[in-house]
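Visitor: Could you take me on a close look at one part of this fold, starting from a single loop and following what comes after it? I would enjoy one connected walk, with the local details kept in.

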Amino acid sequence: MRPLRIATRRSALALWQAEHVAARLRDLHPGIEIELLPLSTRGDEILDRSLAAIGGKGLFLKELELALLDGRADLAVHSAKDVPTELDAPFVLAAILERESPFDALVTRDGSDLDSLRIGARVGTSSLRRQLQLRAVRPDIEIMELRGNVNSRLARVESCDVDAAILACAGLERLGFGDRIAERLVAPDWIPAAAQGALAIEARADDAEIAALVAPLVHAPTHLCVMAERALTRALEGSCQVPIAAYAHFVGANLQLQGWVGSRSTGESIRATALAAVSDVRSAAALGAVVSDSLLAQGARKLLDEG
C-alpha cells in the first residue's frame with residue numbers, strides 16, 4: 001500500500017503538529033507508512049496585513065483542502081482554532097485530539113508580567129480578541145500588529161521591536177519555548193479563542209477508511225468542549241474578523257461554557273456563562289446555543305456589528 005499522506009502547513013509549529021499525529025498513528029497502527037506533504041497557504045504568505053483584512057483563518061486551510069480533493073493527501077492536520085465553524089461539504093473533522101493548554105501567554109524579554117510592563121509598552125498581537133482584552137486591563141499599552149510564525153514573533157520581542165507579545169501557550173510549549181512564558185492569561189479573566197490548544201484532523205467526508213484509521217485519536221472530553229465552543233462561535237457568525245472568545249471545561253460531570261464578545265470601536269465587552277450536563281455533540285451544541293443566546297440578549301449583535 002502507498003504511504004498515508006498528511007497535508008500540513010510549512011511552519012515549524014504546523015510540522016510539529018503533523019509529526020505528532022503521524023507518531024500517534026504509527027503507535028496505533030504498527031507498520032503503517034506515513035509521509036508529510038508540507039504546503040504554503042495564503043495565510044502564511046501574506047504577513048503585512050491582519051487576517052481580518054485578508055479574509056480570515058480559512059486562508060490557512062484552502063491549499064490543504066485542495067490536496068485532499070485531488071488525492072495528493074489523505075488527511076490534513078490543523079490547529080483546531082484555525083478551522084472555520086462551517087466546513088465545505090466534501091470535508092469533515094474526523095478527529096479532535098486531546099487539548100493541551102487552551103490559554104494565551106504573555107512573552108516578555110525580562111519575564112515581566114502584564115501588570116509590570118512599563119506605561120506605554122508596545123505589545124504585539126494581530127488578534128482582535130487579544131487586543132480588546134489587553135486594552136481592557138492595560139489601556140495605556142500600544143498594540144503592534146504582529147504576525148508570522150512563533151520563532152519570528154519571539155525574535156521581535158528579543159530585538160526590542162516590541163516589549164512583549166501574546167501567543168498561545170500550547171504553541172510555545174509544543175516547540176520547546178514554555179520557559180518563555182512570563183504569564184499565563186487564564187479564564188475567567190482572559191478568555192481564549194474557541195478550540196485553542198486542540199489539534200484537528202480534517203478528511204474527505206466520504207473516506208470511511210481514514211475515519212476508521214484516526215478514530216482512536218479522538219479525545220471525547222476535548223471533542224465535546226470544542227464542539228460547544230464552535231457552536232457558540234457559529235451562532236454569532238464568528239471568525240477572526242470579529243472579537244469572540246469561548247472556553248469550555250468540565251466541572252465534575254457537567255460542562256461549563258464561558259463566552260465573551262467585544263466591540264472594536266468602543267472596547268466594550270459582554271460575557272455569559274452556562275453549565276449543563278453534556279454527553280454528546282448535540283448537547284454540546286445546545287450548550288453553545290444557550291450561551292450565544294445569552295450574549296445576544298445582552299447586546300452582542302450590536303457590538304459585533306459596530307466593527
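**From a loop into a helix pair**

Guide: Let's start at V218, which sits in the loop between α8 (208-214) and α9. One thing to keep in mind as we go: this is a predicted model. With a relative accessibility of 34%, V218 falls in the partly exposed class. Setting aside residues within four places in sequence, the contacts of V218 are A94, A95, I96 and H223. A200 is 18 residues away from V218 along the chain, and their C-alpha atoms are 9.3 Å apart.

One of those contacts, H223, leads us onward, since H223 is also among the α9 residues that meet α10. Helix α9 covers residues 220-235 and helix α10 covers residues 281-297. Two packed helices are described by the angle between their axes and the distance between those axes. For α9 and α10, the angle is about 40 degrees and the axes are 7 Å apart. Angles under 35 degrees would count as roughly parallel, and 65 to 115 as roughly perpendicular, so α9 and α10 are classed as oblique to each other. Their crossing is right-handed.

Which residues make this contact? On the α9 side they are H223, L224, M227, A228, A231, L232 and A235. Facing them from α10 are V281, A284, A285, G288, V291, S292 and L295. Sorted by class, the contact holds eleven nonpolar residues, three polar ones and no charged ones.

L224 is a good place to pause within α9. Is L224 buried or exposed? Its relative accessible area is 10%, and buried means under 20%, so L224 is buried. Beyond its sequence neighbours up to four places away, L224 touches F250, L255, V278, S279, D280, V281 and A284. Of these, V281 and A284 are among the α10 residues named in the helix contact. For a sense of scale, L224 and D27 are 197 residues apart along the chain, with their C-alpha atoms separated by 25 Å.

From α10, V291 gives us a line to strand β13: V291 and S269 are 22 residues apart in sequence, and 15 Å apart from C-alpha to C-alpha. S269 belongs to β13, which runs over residues 269-277. At a relative accessible area of 35%, S269 is partly exposed. Leaving out neighbours within four places in sequence, S269 is in contact with W260, V261, G262 and L303.

Now back along the chain, to the loop between β9 (181-185) and β10 (199-204), where P188 is placed. The peptide bond from A187 to P188 is cis, with omega near 5 degrees. The loop between β9 and β10 also holds A195. A195 is not a glycine, yet its phi is positive, near 70 degrees. A195 has 0% relative accessibility and so counts as buried.

C160 likewise has a positive phi near 70 degrees in a residue other than glycine. C160 lies in the loop between α6 (150-158) and β8. At 40% relative accessibility, C160 is partly exposed.

Strand β8 itself spans residues 164-168, and A168 is part of it. A168 is buried, at 15% relative accessible area. Its contacts, apart from neighbours within four places in sequence, are F103, D104, R130 and Q196. A168 lies eleven residues from V157 in sequence, and the C-alpha atoms of A168 and V157 are 15 Å apart.

Our last stop is C169, which is buried at 0% relative accessible area. Why does C169 form no disulfide? A disulfide is a covalent bond between the sulfur atoms of two cysteines. The closest cysteine sulfur to that of C169 is in C225, 17 Å away, and the cut-off for a disulfide is within 2.5 Å. The sulfurs of C169 and C225 are therefore too far apart for a bond. A search of the whole structure agrees, finding zero disulfides.

How values were computed
Residues numbered from 1 in each chain as written. Predicted model: local features only at pLDDT ≥ 70, side-chain atom pairs only at ≥ 80, totals over all residues. Heavy atoms only, no water. Axes fitted to C-alpha atoms, helices over the stretch in contact; angles between N-to-C directions. Helix = DSSP H or I, 4+ residues; strand = E, 2+ residues; numbered from the N terminus. Parallel < 35°, antiparallel > 145°, perpendicular 65-115°, else oblique. Left-handed = near helix turned anticlockwise from the far one by under 90°. Contact = heavy atoms within 4.5 Å. Nonpolar A, V, L, I, M, F, W, Y, C, P; charged D, E, K, R; others polar. Buried < 20%, exposed > 50% of the residue type's maximum accessible area, 1.4 Å probe, protein only.
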